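Trainee: Please give me a close look at one part of this model, the largest pocket.

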Amino acid sequence: MLKNGVFITFEGPDGAGKTTVLGEIVKRLEEKGVSVVATREPGGIRIAEKIRNVILDNEHQEMDSRTEALLYAAARRQHLAEKVLPALQEGKIVLCDRFVDSSLAYQGMGRGLGMDEVMSINAFAIDGTMPDLTIYFDITPEEGLQRIGKNEAREQNRLDNESMRFHKNVYEGYQKLLKQYPKRIISVDATKPLLEVTENVWKIISAQLNQE
Ligand SMILES: Nc1ncnc2c1ncn2[C@@H]1O[C@H](COP(=O)(O)OP(=O)(O)O)[C@@H](O)[C@H]1O
Ligand SMILES: Cc1cn([C@H]2C[C@H](O)[C@@H](COP(=O)(O)OP(=O)(O)O)O2)c(=O)[nH]c1=O
């Protein structure tokens with residue numbers, strides 16, 4: 001597949017600051033005249049957003065873990081095929097808030113389905129497309145969830161309301177991914193003040209784009 005854009009993903013525990021920092025980075029790229037598409041998972045496009053609502057609905061407590069993993073992968077496929085790949089083929093920078101690493105951490109480790117098993121269903125969904133760069137926002141589950149708790153405006157979805165044990169397993173999953181993909185995933189300390197995190201992320205992304 002001919003791709004001359006750059007695919008960058010943000011990853012990390014709930015409340016790490018991904019969405020906030022992503023918004024700041026988009027502003028800076030646009031100010032520099034860079035053609036950028038900002039998007040998110042689960043969702044990002046009509047069909048995937050409908051799947052997101054099914055997954056995150058607090059009333060769907062009966063959802064089986066494999067069903068959850070398959071739904072995330074299905075949303076990922078539609079979002080990738082309909083929005084991300086076309087943008088990359090047009091040479092755009094795509095900044096995506098979460099991607100396949102989230103499924104590996106949350107469903108692979110958090111739900112205990114196994115990271116290899118979850119990767120195998122996602123291999124079918126992503127058909128070879130992996131990010132050029134992933135920025136991992138490192139923060140403990142406790143601190144991330146505390147930030148969410150402080151923000152009344154932010155909806156608490158079915159995943160946010162999982163046990164601390166679940167979120168600690170997710171954190172362990174991310175630590176494994178950092179070791180597994182040392183070239184692709186770069187970790188930033190997400191506990192620092194917002195401006196400092198933003199500056200660190202900006203430096204990493206600028207360096208990546210200067211290499212392209
Ligand atoms: N570096 C930071 N320090 C303190 N609060 C932060 C920081 N980054 C984000 N926040 C706040 O924490 C909450 C979660 O941020 P958000 O960007 O939604 O995280 P995520 O998308 O990773 O779940 C928001 O209220 C946001 O304003
Ligand atoms: C993309 C993805 C997200 N998730 C989880 C992470 C979040 O708890 C939730 C997405 O809700 P969201 O509101 O995007 O949370 P956050 O702002 O923390 O990213 O879904 C998975 O479990 N697997 C996945 O593949």
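Mentor: Start with the span around it: residues 10-200 have end C-alpha atoms 13 Å apart, and the span is 56% helix and 12% strand (DSSP runs: helices H or I of at least four residues, strands E of at least two, numbered from the N terminus). This is a predicted model, in which local features need pLDDT of at least 70 and side-chain atom pairs pLDDT 80 or more, while totals for chains, interfaces and linings use all residues. Residues are numbered from 1 along each chain, chains are lettered from A and ligands numbered from 1 as written, and side-chain values use heavy atoms without hydrogens or water. An unreviewed UniProt entry labels residues 10-200 "domain: Thymidylate kinase-like".

The largest pocket holds about 820 Å³ of space (an open set of 1 Å grid points with protein on both sides within 12 Å along at least five of seven lines, probe 1.4 Å, lining atoms within 4 Å). Among its 36 lining residues, Gly 15, Lys 18, Thr 19, Asp 97 and Arg 154 are closest to the centre. Elements giving two or more residues to the lining include β2 (36-40), α3 (65-89) and α8 (194-211), but α1 gives the most, with 5 residues.

Gly 15, Lys 18 and Thr 19 recur at ligand 1: they are among the closest of the 15 residues around it, as are Thr 20 and Lys 192 (a heavy atom within 4 Å). Oxygen atoms of ligand 1 lie 3.1 Å from a backbone N or O atom of Ala 16, 2.9 Å from a polar backbone atom of Gly 17 and 2.6 Å from a polar side-chain atom of Thr 20.

Definitions and conventions. Grid points are joined across faces, edges and corners, and a volume is the space filled by probe spheres set on the points. UniProt positions are given in the numbering used here, feature names are shortened, and annotations may be inferred rather than shown by experiment. A polar contact is a pair of N or O atoms within 3.5 Å; within protein, one must be able to donate a hydrogen and the other to accept it, and residues adjacent in sequence count only if both atoms are side-chain atoms.
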